[in-house]
Amino acid sequence: EFRMAFHHVAVATRDTEATHRFYTEATGFELVKVEVAKTPEGGWAKHLFYETGGGELIAFWELHDETLPTPAPSAISTDLGLPVWVNHIAFHAADRSEIEKRKQRWLDHGHDVMEIDHHWCWSVYTVDPNGILVEFCTMTRTLGAEDRAEALRLLRDSAPALPREGKPPVFHKAQKS
């Protein structure tokens, strides 16, 4: 069976210190490497790498280059005119217990959280300091042959029927200090 994990996903940051606090304190990742390099346009940049678990990383670019926008556009959806939920980053959670711990940690660090039962996975979401929607997600059932067949059918259906309304998302407001 072929498996390919991500090494890292990299995006720009508009506030390195806020990004660092969010991904270390509020999310629990560890800063493991920072590369400093010239940019092709003639400036320089820091490339910050955070270990997310399982050997995978998320990275952020702190850009210092007069030829690039300042601050760098970093909201991977809203800076493109899309709703925040379109482009987002989802991290694996082992089970519902881990989802609960991640949700509570975000809330304890002042981040509002949205929780959704997708009926095949369970997710919690918040927005990072760069305007990026961040998710922790755990599978709640195994996807089998029927799911795969339905996925192919829907992929090719140019006018699929919309599903019935499911459970609405649950919103958790952080206690602001």
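**Note on the predicted structure**

1. Of the 177 residues that make up the protein chain, 35% count as buried. The model is a predicted one, and its pLDDT averages 94 over the protein chain, with 99% of the residues scoring at least 70. Among the elements, strand β1 (residues 8-12) has the lowest mean pLDDT, at 95, while strand β7 (residues 121-127) has the highest, at 98. As a general caution, predicted coordinates should not be read in detail where pLDDT is low.

2. The protein chain contains three helices and nine strands. Read from the N terminus, the order of these elements is β-α-β-β-β-β-α-β-β-β-α-β. The C-alpha trace spans about 50 × 40 × 35 Å along its principal axes. Among contacts in the protein chain with a separation of 6 or more, 54% are between residues 24 or more positions apart.

3. The largest nonpolar core comprises 22 residues, and those with the most contacts inside it are Y23, I58, F91, W106 and F136. Two or more residues of this core come from each of the elements α1 (16-26), β3 (44-53), β4 (56-64), β5, α2 (96-108), β7 and β8. Helices and strands are thus both represented among these contributors.

4. Which residues does I58 touch, leaving out those up to four places away in sequence? The list consists of H8, V9, Y23, F29, L48, F49, Y50, T52, I89 and F91. Of these, Y23 and F91 are also named among the core residues with the most contacts.

5. Aromatic pairs number 10 in a search of the whole structure. One of them joins F22 and Y23 in an edge-to-face arrangement, with 4.7 Å from centre to centre and 80 degrees between the planes. Both partners fall under the 20% limit for burial: F22 counts as buried because its relative accessibility is 2%, and Y23 counts as buried because its relative accessibility is 0%.

6. A further aromatic pair is formed by F91 and F136. The ring centres of F91 and F136 are 5.7 Å apart and their planes stand at 40 degrees, so this pair is classed as tilted. Because F91 lies in strand β5 (residues 88-92) and F136 in strand β8 (residues 133-139), the pair ties together parts that are 45 residues apart in sequence. F91 and F136 are both buried. On a wider view, ring pairs link F22, Y23, F29, Y50, F60, F91, W106 and F136 into a cluster.

7. One contact between a charged side chain and a ring deserves mention. R96 lies over the face of W122, at 3.4 Å from the ring centre.

8. Side chains of opposite charge can pair when their charged atoms come close. In this model, a search of the whole structure finds 10 salt bridges. In one of them, D117 pairs with K167, and the closest N and O atoms are 3.6 Å apart. This pair links distant parts of the chain, with D117 in strand β6 (residues 113-117) and K167 in the loop between α3 (145-156) and β9 (170-172), 50 residues apart. Is each partner buried or exposed? D117 is buried, with a relative accessible area of 17%, whereas K167 counts as exposed at 55% relative accessibility.

9. R153 takes part in two salt bridges. The side chains of E150 and R153 meet at 2.8 Å, N to O; both residues lie in helix α3, three residues apart, which is about one turn of the helix. R153 also forms a salt bridge with D157, where the closest N and O atoms are 3.4 Å apart. The participants are partly exposed: E150 has a relative accessible area of 34%, R153 one of 44% and D157 one of 27%. Elsewhere, salt bridges that share partners join E100, K103 and E115 into one network.

10. Where does H47 lie, and is H47 buried or exposed? H47 is found in strand β3 and is buried, with a relative accessible area of 9%. Apart from neighbours within four places in sequence, H47 is in contact with H8, A10, K33, V34, E35, A59, F60 and W61. H8 also appears among the residues that I58 touches.

How values were computed:
Residues numbered from 1 in each chain as written. Heavy atoms only, no water. pLDDT = per-residue confidence, 0-100. Helix = DSSP H or I, 4+ residues; strand = E, 2+ residues; numbered from the N terminus. Phe/Tyr/Trp six-rings, centres within 6.5 Å; stacked < 30°, edge-to-face > 60°. Buried < 20%, exposed > 50% of the residue type's maximum accessible area, 1.4 Å probe, protein only. Lys NZ or Arg CZ within 6 Å of the ring centre and 35° of its normal. Salt bridge = Lys/Arg side-chain N within 4 Å of Asp/Glu carboxyl O. Core = buried A, V, L, I, M, F, W, Y, C linked by side-chain atoms within 4.5 Å. Contact = heavy atoms within 4.5 Å.
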